[in-house]
Amino acid sequence: MRTYVAVLLVTLVGVASANPKPLSALHKREAPAPVAPEDQVLVREKRQEEPATNPADEAAAPDAAAPPDPAAPAEPLVPDETLAPGEAVDPEEPAVPDEPTAPEETAVPADPTVPADPTVPEEPPVPGEPTAPEEPAVPADSTSPLEPEVPGEPPIVPDESVVPEQPAAPSEPTVPEQPAVPEPPAAPVEPPAPETPETPDEPVIPDTSLVPDEPASPEAQGPPEDRQQPEDPPPPAPALPEDPAAPEQPIAPKEPAAPAPKEPQEPQAPEEPERPTRPRPPTRPQRPPRPERPSRPQGEQTAEADLCDFGSSPDVSLCDWSNLNVTQLQWQPSQGQSAFWLGGPQEDVSYGDDLGGYAVFETSQIPQKTIGGSNFESAMLMSAIRPTTGPKGMCVKFWYSIGGLSPDRLRVLLHPMPDDMTKDDMDEMMMGYDGSDDVVLWEARDMTMGDWKEGQVVYTFDQRHSVIFEGIPVDSNDLSRRFRGFIAIDELSFADSSECGAFCTFEGGICGWTQDSKDDFDWTQSRGSLNPSTGPPRDRSSFANNGMMGGYAFIDSSYPRRPGDKARLMSQEFQGTNPDSPLCMRFWTHMFGNGIGSLRVIIFDVNTDEDKVIWQISGEAGNAWYQGQVPIASPSPFKIVFEGVVGANNLGDIAIDDISIIQGACPSAPQVAAGNNGDCTFEVDECGWTNPGPRERADEIDWVRTVAADNRAPSRDHTIGTAQGFYMTLPRGSVQRGGDRAWFVSTTIKGSSDPMCIAFWYFMYEPFIDPSGPSLGSLMVYISFEKDGTSVLEPVWALKNHQGPNWMYGQARVQNDDDFLVAFEGTWGSSRGNGFMALDDITLFTGDCSTMPEKAMTSKADCDFQRDACQWKNTTTDSDFRWTTASISRRPANLPDHTFGGPIGYAYFDVFNQAARPQSLTFTSPPMDKSEDGTPICLTFWYAYFGASESTKLKISREVYDKNAEEGEDGGDAEEIWSLDAANIGTQRPEWQFGQVQVNTDTDFRVSIIGMASNGGFAIDDIKTYGGGCRLRPEDAVSNGEETTTP
């Protein structure tokens, strides 16, 4: 018997999606193909020791080989090519015949030469042995080839049509196949041994059909054993011959003589127990003949049992996934109906309602400490044992949701399994689990705010293994651990690597990427450079982990290449991106050699055939692999292009490896490749962002780049999620006052008529809230530009005070026809506690995005009066009495700023002239645009009354604004929409009170705040507008709609 040694290979590509498909549109089996949530550096497994010396291991190796059969579907290229040339594959099979003997027996009935009688006697012993289960599996395979013939039949299993087709196929061919069973008697002549390999080839043909079926079968089927067992009862003996007969019939005519010789080897049936343990030829992994599944070790999972949607009420379950008992924390099946009982989202992904199932881990629970107990404080959900992936790899697809304060992160791990392990051994072996052999495939740390997000990861591994979903809570000593939280997962599936979009490890081809016909030469694949002076010695994962397997793509700069020659590798076509969710592409590059040219990432517009360079790096970078990433956004269909350019000489090989694409914004990296566009992770420096100098007098303090380990909070940066990461923070000194500001300004950004979006992560945390209320401060984003010789400062995003102890995502639209700057303004409040504000991962990309979070939206009328009156203007003609902003020398007594509690930072008017008639003073907003749908807005503000006259009043009016009117021209009659008399306020001491009023937006308009007094005044602060209507506040205010003449 020939033996093969399983060699360890792990290639990892991780992702994390950011933009979930609307739940209402989700289908049980559907998920966005192109994406890959949220985003981690891929790691590959270290090389494992070869178990060839141990016969038991060798026995397991065949099992591993058997698993590859399911993996075969994951390698569509080979099965597709080998379908027709199954005969060519047969020669390789001779080494395999022993394993497929069970299938051959089933196939033998298919051959007309084999009599049914001999087949029947042989089958009894086979059932006694592991091959018995194989026979049931045979029908599955045979049916799969027949599936194309029976595509019209309705699927029995809702998951896919594959499973239903299998039952349907046996039903029709059963009768004809039985006659074929008698034909096998002719086969008893055991000389036809060669036929056996051909028989497996026949399953190969089904494999081609299986490729589409695989996605379906995973949902419908459980572990291989379970699937085979149910098959045995329904189609006992007749089904076996029928299935093989169907596939063999087409093959039989082509190779009639072969089956005859192969039959003699059937007597080797006693060796069949060994066959499952025999390693199969390298081509074998590409074939997924179901008849051989019975020979696989117990507990091993194949592609047909790959989908788990966790069922629906009342039958929710974990499918074939199981909790690791090395920790007291557990995943449990749940549904939306239990969201407020056990935790989790209110809807699942598969059905989009509260009855669909998912798996959830409640993160606030704390396990009891026991002597000698496990140190793990996480919940682990493990898959059944899986076979090797083959060079094309496997795509793991899933949806996840993270909510609450107690979750820390969700990880996807790969855990190697011994070749001789069975399902019964798993529990005992995993008792010694310590996680040291696990490889992190994917990780997500950010909350999804109650939404489901898609995750994908592609990996390759040449050994039997399991995949683990690990939910990790924050440390038990963290105060957040006391708060409820959850991590939920749904729609777990294993699919062909091609289903993960443009992911590619370059170990089984160039995936869905193609060579551009308009370049000078092509990218090629390699395992290692042939020239020690240029190119990588091995692929990225092997380079990092000292592995022995793996490949990459590179441009060969040797003869006949000349300087300037270009090679372009082009992706599949993508649809235009969502303005609120660009793509993020990550990859690894190696640029070593004296003649290195350039590597560019280009967006190719499919409609205009135009290139746009979005990432570029030139020159030698050292003999090492470096990770690159770039945000990708386009309103129209596009393709992504890697363009390699040959340098000055033939020592200029440029390589790329491990490409992954996910949804969500990410800063371009490394910084030298990002250019001067404002993207920054702050891991190296500030990327051109600067603090204004003292002469500019724009602020009082500066932003500081710092490492997380040096700060109480945040304890980790957002980029890499560790204490060694860097971010920008707003320092707190001992002499600063409430209202002190720090500006952080970008380099000049080129103006354009196309809108842009700025995305970033912010941290605003106030551990101890002052009795007077939150007073951390504010974070604002402005764009600054010149207009008619005047400097304009326009706010586009703003939040105030405490937002929580986590990194939060923010984005805002920035656009100007002329060149402009972006500025972050951090302002400290008067908090006596130690508050924290920080920034990280700034990204700019093309797109007309919306403001996130929604509460950070700004309008022209918004103003907190910290710097000036914004765009509000005093329109009173009386020079003695007017609206003005408070200053240290002139302000109402005993009235601090409402925003931060400082001495100034609000607008007011006061009239103390009892002999005079009441004065009327008007404070007018900038012009505001009408809404497209006529939805009203809510104007909110804070007001304070001071003085002793009950005749003092405060009014708000709205007037139509004509954009074509000359500057200063009256807008005509104004409609009074809010009014309050001082007599109704009920306090003599100045106190800030809240007010709001609904404003119609059916026309362009302006709002005016009108004060009337003879012995007193009003102050106004924190004016802000929100979309949607609102009720009048306070209750004492009136809205009589009287027509008043604008003063």
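These legends accompany close-up views of a predicted model.

**View 1. The disulfide of Cys504 and Cys511 is one of 8 in the structure.** Welcome to the first stop, a link between two cysteines. Cys504 is joined to Cys511, with an S to S distance of 2.1 Å. The torsion about this S-S bond is about 80°, so the disulfide is right-handed. The two ends of the link sit in unlike surroundings: Cys504 is buried, at a relative accessible area of 1%, whereas Cys511 is partly exposed, at 44%. If you would like a reminder of the chemistry, a disulfide is a covalent bond between the sulfur atoms of two cysteines.

**View 2. Cys680 and Cys687 form a disulfide with both cysteines buried.** Here the sulfur atoms of Cys680 and Cys687 are 1.9 Å apart. Are the two cysteines buried or exposed? Cys680 has a relative accessible area of 0% and is buried. Cys687 has 17% relative accessibility, and it counts as buried because the cut-off is under 20%. The torsion about the S-S bond of Cys680 and Cys687 is about 65°, which means that this disulfide is right-handed.

**View 3. A disulfide joins Cys863 to Cys870.** The S to S distance in this link is 2.0 Å. Turning to its geometry, the angle about the S-S bond of Cys863 and Cys870 is 80°, and the link is right-handed. Cys863 counts as buried, at 4% relative accessibility. Its partner Cys870 counts as partly exposed, at 37%.

**View 4. Strand E35 pairs with strand E34 and with strand E42.** Strand E35 covers residues 907-912, and it is mostly covered, with 5 of its 6 residues buried. Which strands does E35 pair with? One partner is E34 (residues 884-885), paired in the antiparallel sense over 2 bridges. In that pairing, Thr885 has Ala907 of E35 as its bridge partner. Another partner is E42 (residues 1015-1027), and here the antiparallel pairing with E35 runs over 6 bridges. To find this pairing in the model, look for Tyr908, whose bridge partner in E42 is Ala1019. As a friendly aside, strands of a sheet pair through backbone hydrogen bonds, either parallel or antiparallel.

**View 5. Five strands make an open sheet with antiparallel pairing.** Following the sheet across, the order is E4-E7-E12-E9-E10. Its edge strands are E4 (322-323) and E10 (439-444), each of which pairs on one side only. For E10, that pairing is with E9 (residues 407-416), in the antiparallel sense and over 5 bridges. A handy marker for this part of the sheet is Leu414, whose bridge partner in E10 is Val439.

**View 6. Gly628 is a buried residue of strand E21.** Our last stop centres on a single glycine. Gly628 lies in E21, which spans residues 625-632. The relative accessible area of Gly628 is 1%, so this glycine is buried. What does Gly628 touch, leaving aside residues up to four places away in sequence? Its contacts are Met585, Arg586, Phe587, Trp615, Ala669 and Pro670. Arg586 is worth a second look: Gly628 and Arg586 are 42 residues apart in sequence, yet their C-alpha atoms are 5.7 Å apart in space.

Methods: Residues numbered from 1 in each chain as written. Predicted model: local features only at pLDDT ≥ 70, side-chain atom pairs only at ≥ 80, totals over all residues. Heavy atoms only, no water. Disulfide = S-S within 2.5 Å. Buried < 20%, exposed > 50% of the residue type's maximum accessible area, 1.4 Å probe, protein only. Helix = DSSP H or I, 4+ residues; strand = E, 2+ residues; numbered from the N terminus. Pairing = 2+ DSSP bridges. Contact = heavy atoms within 4.5 Å.
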